[in-house]
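Open the model in a viewer and keep the sequence panel visible. The stops below say what to select and what is there.

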Amino acid sequence: MSTQPLLEVKNLRTWIGTARGTVRAVDDVSLTLDSGQALGIVGESGSGKSVMARAVMGLMPARSDCSGEVIFEGRNILTLGKKEKLEIWGKQIAMVFQDPGRSLNPVVRVERQLTEGMRRHLGISHSEAHGRALDLLTEVGVPDPERRLRNYPHEMSGGMRQRVMIAIALACEPDLLIADEPTTALDVTIQRQILDLLRRTQRERGMSLMLISHDLAVVAGRTDRVSVMYAGRLAETGSTREVFDEPRHRYTEALLAATPTIDHPRHAPLRLIEGSLPDPISPPEGCRFAPRCAHAGEECLSTAPELESVGADHEVACLHPVTAPALTLSER
């Protein structure tokens, strides 16, 4: 049995041209994802999470460039041509975007959007694709699937559209599913249903999952490992349990402290991380979190920390890491 990871990102850097200058959205990120594993990517908006995911898909926007490697099943996606990427998209790697209202075609019925990938990649007939579409909608919890196949996206609720998006992503049985903020536009009850659906489906199918979110609570019980990104770089990475139980980076510690818990006093203000992310066009020379960190020293302003091991499966990029175990989400 192969011990190679399904996905290996090596020293990934991205540059995106804008009217103001070149944005370095991802700056020297390396991570791995094994077959059947769920990986959470967390950080504030603007941390580079979504750009990193698009680079993994080979879906970078115009006026952009990448360096490094994105090795998926032995091939570097960054060097593939469009024809080769089309063979991977949907069939081997699929993506669920955060806004199904913008991702689904408003003038095409659900059945066509759900079956065209199956017919292209799996070479099955229209009747076979129709049957699989019914099964998929049932699997993701869409009631009355026969009627829903005839619907246009605008005839469905936001939660139902997101379930359709997940069904489309699962249609060709990909090895890797990337879910980029899949519940941002949904109410709290539907959010939990969608997230639990993703985790359950990932386990039942044995596929890998990359779950991207700005909310640590979203990935807490739904991933095996977690990588925390800040301003284009990895701040901390490791097993989800260890990172949540013993966060070592000051940014991870601050994110956990700002996460509301069920016993949080109703009228008490939430703890916030003071300040904002640095300008991605001209990031600071040293630790990018230093301007917002109460523990930063002079060396933090000039030295960019590298990831260093602090446990069997735990790395942190911080010159003054947390030394004492912090309270977990369940204990606060």
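Start by selecting Tyr 230, which is buried at 4% relative accessibility (buried means under 20% relative accessible area, exposed over 50% and partly exposed in between, with a 1.4 Å probe and protein chains only). This is a predicted model, in which local features need pLDDT of at least 70 and side-chain atom pairs count only at pLDDT 80 or more, while totals for chains, interfaces and linings use all residues. Residues are numbered from 1 along each chain as its sequence is written, and side-chain values use heavy atoms, leaving out hydrogens and water.

Next, add Phe 289, also buried at 4% relative accessibility. The whole structure holds 3 aromatic pairs (rings of Phe, Tyr and Trp, the last by its six-membered ring, with centres within 6.5 Å; planes under 30 degrees apart are stacked, over 60 edge-to-face, the rest tilted). Tyr 230 and Phe 289 have ring centres 5.2 Å apart and planes at 85°, so they are edge-to-face. They lie 59 residues apart: Tyr 230 in strand S10 (residues 225–230), Phe 289 in the loop between helix H11 (250–257) and helix H12 (298–302). Helices (H or I, at least four residues) and strands (E, at least two) are DSSP runs, numbered from the N terminus. Add Tyr 251 to see the cluster that ring pairs form with Tyr 230 and Phe 289.

Now select helix H4 (residues 110–122). Its buried residues include Leu 114, Met 118 and His 121. Among the elements covering the buried residues of H4 are helix H2 (82–88) and helix H7 (158–170). Finish at Gly 123, just after H4, with a positive phi of about 65°.

Technical notes:
Expected span 1.5 Å × (residues − 1). Contact = heavy atoms within 4.5 Å.
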